[in-house]
Amino acid sequence: MASAWQAPDDWQKDGSIISGVSSLKTGAWTSMLSAKETRQGKEIDIVIKTFCVPQDIVQDPDRITRERDKFLTSARLQKQLTDAHAAAWIPVLRISDHADNTSFSMERCAGASLQDMLERKVHLSATDLFQITLAILQGFDELFQLAKRSHGSLKPSDVLNAPGHNPPYLMADPSPKGDSHSANDLYSLGQILFQLIEHREWDPLAPIIPTSQWARFGPKRDRWIQFLNMLLAPNGCQEPLANVRKEALRLKPATPALNAALAAASLLVLAGAGA
């Protein structure tokens with residue numbers, strides 16, 4: 001559906017043209033639009049996130065100011081990550097802080113968000129889950145290196161599949177205020193991974209009992225369970241990000257060639273035992 005939103009004049013001073021603006025979805029304080037941006041003859045798909053005020057809040061200027069400041073703080077932080085060439089974050093292209101048009105634009109990812117995958121109960125492979133884990137940990141590390149703070153509020157909707165990118169999953173929307181440590185972020189990562197595997201919410205009072213959903217990990221099933229237990233520790237994961245990444249690297253699925261070699265080795269062992 002077409003949108004009445006108009007690009008700020010300063011977004012087009014360099015000769016760029018923003019066209020084909022249409023509505024994607026609307027939330028409590030934001031609206032998401034899709035569009036195309038043409039710059040120097042090159043056209044790219046973009047997403048525009050705009051700040052909007054709910055009708056029942058229009059008489060509360062202090063609340064509006066606070067929410068608008070949060071919106072811009074998050075956008076500016078993601079733009080800082082873009083300018084620092086962070087690889088695991090969706091690039092922010094432009095920001096408008098005009099009172100009547102507070103918005104920012106990002107490159108549009110071709111794939112779905114993890115929230116979309118959860119809603120459709122997509123069965124992700126061990127390789128997909130490994131790539132998601134590494135991409136999120138890379139994003140956490142890039143943010144900490146830049147701003148010495150955590151994401152602060154990681155949600156499945158903040159991570160999108162980006163085919164053709166390295167990493168193939170990208171992050172967005174850092175919370176306006178993060179922690180100086182990563183325990184809460186790692187707990188959120190553990191919850192998201194559990195939901196992607198089991199298609200149900202994590203119950204902190206119940207141990208992880210491997211169902212048939214864990215068969216996708218093959219011989220690394222128990223290592224995945226240990227990894228999630230580390231992230232979901234009751235008192236928070238106390239390991240530094242570097243150590244968590246090392247543990248994550250151990251989750252890498254075996255290649256088909258390696259699987260074939262292991263199978264062949266097993267057959268040789270069995271043949272020797274039967275001799």
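The largest pocket of this predicted model holds about 1000 Å³ of space, and its lining is made up of 37 residues, among which Lys25, Met32, Lys49, Ser157 and Asp173 lie nearest the centre of the pocket. By class, the lining of the largest pocket divides into 17 nonpolar, ten polar and ten charged residues.

Several elements contribute to this lining, since β1 (17-26), β2 (30-39), β3 (42-51), α1 (61-83), β5 (101-107) and α2 (114-120) each supply at least two of its residues. The largest share comes from α1, with five residues.

Strand β5, one of these contributors, is mostly covered, with six of its seven residues buried. On the one hand, β5 runs antiparallel to β3, to which five bridges join it, and within this region Val47 has Met106 of β5 as its bridge partner. On the other hand, β5 pairs with β4 (residues 92-98), again in the antiparallel sense, and Asp97 stands opposite Thr102 of β5. The connection between β4 and β5 is a hairpin of two residues.

| Strand pair | Sense | Bridges |
|---|---|---|
| β3 and β5 | antiparallel | five bridges |
| β4 and β5 | antiparallel | six bridges |

Apart from the pocket, a search of the whole structure finds one cavity of 30 Å³ or more. The largest cavity contains about 30 Å³ of space, and the residues that line it are Phe140, Phe144, Arg149, Ser150, His151, Ser182, Asp185 and Leu241. Sorted by class, the lining of this cavity has three nonpolar, three polar and two charged residues.

Conventions:
Residues numbered from 1 in each chain as written. Predicted model: local features only at pLDDT ≥ 70, side-chain atom pairs only at ≥ 80, totals over all residues. Heavy atoms only, no water. 1 Å grid on protein atoms, 1.4 Å probe; cavity = no way out; pocket = protein on both sides within 12 Å on 5 of 7 lines; lining within 4 Å. Points joined across faces, edges and corners; volume = space filled by probe spheres on them. Nonpolar A, V, L, I, M, F, W, Y, C, P; charged D, E, K, R; others polar. Helix = DSSP H or I, 4+ residues; strand = E, 2+ residues; numbered from the N terminus. Buried < 20%, exposed > 50% of the residue type's maximum accessible area, 1.4 Å probe, protein only. Pairing = 2+ DSSP bridges.
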